[in-house]
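Please look through the sequence and the structure shown below before reading on. The report that follows begins with one idea about empty space inside a protein, and then moves from the ligand to other parts of the chain.

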Amino acid sequence: MQFTGRRRKLTVHPQNELYGHCLQLYGQPPLENISLSEFETFAVERLKLLKTVENLGVSFVKMSEQYSKKLHAEISAGPSEYEKRRKDHISHFILRLAYCQTEDLRRWFIQQEMDLFRHRFTDLLPKDLLSMYHFTRISSRYWKRLMLISTFALVQVPFQDALDLVRTRKVFLQGGYAYIPHQDIVTIVLNDFRTRLSKALALTARSLPAVQSDERLQPLLNHLSHAYVGQDYSIQKNIGKVSLEQIDALSAKSFPLCMRQLHKALRDSHHLRHGGRMQYGLFLKGIGLTLEQALQFWRSEFIRGKVDADKFDKAYAYSIRHMFGKEGKRTDYTPYSCMKVILSNPPSQGDYHGCPFRHSDPELLKQKLQSYKLSPSGIIQILDLVKGMHYQLACQKYFELTHNIEDAGFSLNHPNQYFMESQKLLSGGKDIKKEVEIVQPQPNTTQAEEEMGDLDSYFLDE
Ligand code: SF4
């Protein structure tokens, strides 16, 4: 793929062949020129779609009628069939670049792409399956022959490629071949899809240094892999509305578990290491603490511990002013999103930052939830979600249980979103937002990241 500042109008579609089928196997990367703004839009929309796939997969039984109906509605919207397929193709490859970087990212990406693929595959009509058979090369290894008996499709594969189905006696066997009905072939195709995608991501990761040397793409890709689809909580609508006396009560009622844990650790030990101060300090700023309140809050807590007032003023006050954009490059720093907390800077011994659903030992998490008086069945549901690596959904379940509601009614992406939704609910606010606006990567991301690096260094006292 090549990138230009401006979109070039294509008079012919040299990739028409690539989009000859509604179900894509992403064998070839896109070769056309696209603008950077289209690159960003496609990437954010794909990410949003994959997050919907993840949410639906947990809220409903996968492939159930309701699940399929909702997912179908998400995918169907769009302009022409050609544009839809083109976007699907290009956006898949953009996210490959962003999500090949770590094991966690790869695992998440493969899982969502597989669920999406399975949904699309099972939506295929037998005639589409037949055209796909002629159209793709994947078929040659697995599908020796495809037969259509009336509208019923059977696929002939070497029996060793269908051992799961042979074991469960779901297929007709003859001469070393298994004859598989259309609805069961998905098992085989999905295995193949996973293997191919996993290899492709490993290959992409190897060529990443070359892509990252492009200064236009590197910040964009980093942003995407830490991105969330939601509001930017650096804009403080309720600035000054929270008093310091309220924080203890708010931490129990309206803080997500990550911030509740940080608050407790700060109150208990009168200190937090730099990762915790960054995460918690920016969150507090996001819920509306003014600079003066923040200075007073951190100062009063720290001087109860080993730090005297003089040391606090010299070593810590500057960094808090910096966080509020009053020192250094005067950047207004943004509170961390869940993706950032979950994916970057994992806590080590003595740290309290991070996401408890991602970073805590399940047994410790269980004890913590028990100490917060969550019901045993609720704790089991949360631990199941954690086991499936659905950390934000586990947190959403924690929200529902602690607020005694059936359905949170929003898709959690940000600790400050958790706080705002909780406050809205507790104050009787009626219109809990279902959708939040998409935040496009900011053009000055590189600068912001550099400055965040600066801020980190001010906090590095341990
Ligand atoms: Fe915090 Fe997000 Fe983890 Fe919830 S999912 S505990 S809000 S980081």
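A cavity, as the word is used here, is a set of grid points, worked out over the protein atoms alone, where a 1.4 Å probe fits but cannot get out. A molecule is said to sit in such a cavity if more than half of its atoms lie within 2 Å of the grid points. With these two ideas in hand, one can say that the ligand in this predicted model takes up the space of the largest cavity.

**The protein as a whole**

The protein has 462 residues, and buried residues make up 50% of them. Its secondary structure comes to 22 helices and six strands. Among the contacts in the protein with a separation of 6 or more, 69% are accounted for by residues that are 24 or more positions apart.

**The ligand and the cysteines beside it**

Which residues surround the ligand? They are Pro 256, Cys 258, Cys 338, Val 341, Cys 355, Pro 356, Phe 357, Gln 392, Cys 395 and Pro 415. Sorted by class, this shell has nine nonpolar residues and one polar residue, while it has no charged residues. Helix 16, helix 17 and helix 20 each supply at least two residues of the shell.

An unreviewed UniProt entry places the feature "binding site" at Cys 258, Cys 338, Cys 355 and Cys 395. Although these cysteines span 138 residues in sequence, no two of their C-alpha atoms are more than 10.0 Å apart, so they gather at one spot. The lining of the largest cavity includes Cys 258, Cys 338, Cys 355 and Cys 395.

Two of these cysteines can be followed in more detail, beginning with Cys 338, whose place is in helix 16, a helix formed by residues 338–343. Is Cys 338 buried or exposed? Cys 338 has a relative accessible area of 9%, and because buried means under 20%, Cys 338 counts as buried. Apart from residues up to four places away in sequence, Cys 338 touches Gln 392, Leu 412, Asn 413, His 414 and Pro 415.

Cys 355, by comparison, is found in the loop between helix 16 and helix 17. With a relative accessible area of 9%, Cys 355 is also buried. When its neighbours within four places in sequence are left aside, Cys 355 is in contact with Cys 258, Val 341, Ile 342 and Ser 360, and one of these, Cys 258, is itself among the residues around the ligand.

**Places where distant parts of the chain meet**

Tyr 26 lies in the loop between strand 1 and strand 2, and at 6% relative accessibility Tyr 26 counts as buried. Its contacts beyond four places in sequence are Arg 46, Asp 88, His 89, His 92, Phe 93, Arg 96, Glu 113, Arg 120 and Phe 193. Leu 295, whose place is in helix 13, touches Phe 312, Ala 317, Ile 320 and Arg 321, again not counting residues up to four places away in sequence. Ala 252 is found in helix 10 and is partly exposed, with a relative accessible area of 43%. The table sets out a C-alpha distance for each of these residues.

| Residue pair | Separation in sequence | C-alpha to C-alpha distance |
|---|---|---|
| Tyr 26 and Phe 193 | 167 residues | 9.4 Å |
| Leu 295 and Ala 317 | 22 residues | 6.6 Å |
| Ala 252 and Lys 264 | 12 residues | 9.7 Å |

**A covered helix and two loop residues**

Helix 9, which runs over residues 218–225, is mostly covered, since six of its eight residues are buried. The buried residues of helix 9 are Pro 219, Leu 220, Leu 221, Asn 222, Leu 224 and Ser 225.

Two methionines deserve a look for their backbone angles. Met 63, in the loop between helix 1 and helix 2, has a phi near 70°, which is a positive value in a residue other than glycine. At 28% relative accessibility, Met 63 counts as partly exposed. Met 389 is placed in the loop between helix 19 and helix 20, and its phi, near 65°, is likewise a positive value in a residue other than glycine. Met 389 is partly exposed, with a relative accessible area of 31%.

Note on methods. Residues are numbered from 1 along each chain as its sequence is written. This is a predicted model: local features need pLDDT of at least 70, side-chain atom pairs count only at pLDDT 80 or more; totals for chains, interfaces and linings use all residues. Side-chain values use heavy atoms; hydrogens and water are left out. UniProt positions are given in the numbering used here, feature names are shortened, and annotations may be inferred rather than shown by experiment. On a 1 Å grid over the protein atoms alone, a cavity is a set of points where a 1.4 Å probe fits but cannot get out, and a pocket is an open set with protein on both sides within 12 Å along at least five of seven lines; lining residues have an atom within 4 Å of a point. Helices (H or I, at least four residues) and strands (E, at least two) are DSSP runs, numbered from the N terminus. Buried means under 20% relative accessible area, exposed over 50%, partly exposed in between (1.4 Å probe, protein chains only). Contact means heavy atoms within 4.5 Å. A residue is near a molecule or strand if one of its heavy atoms lies within 4 Å of it. Ala, Val, Leu, Ile, Met, Phe, Trp, Tyr, Cys and Pro count as nonpolar, Asp, Glu, Lys and Arg as charged, and the others, Gly among them, as polar.
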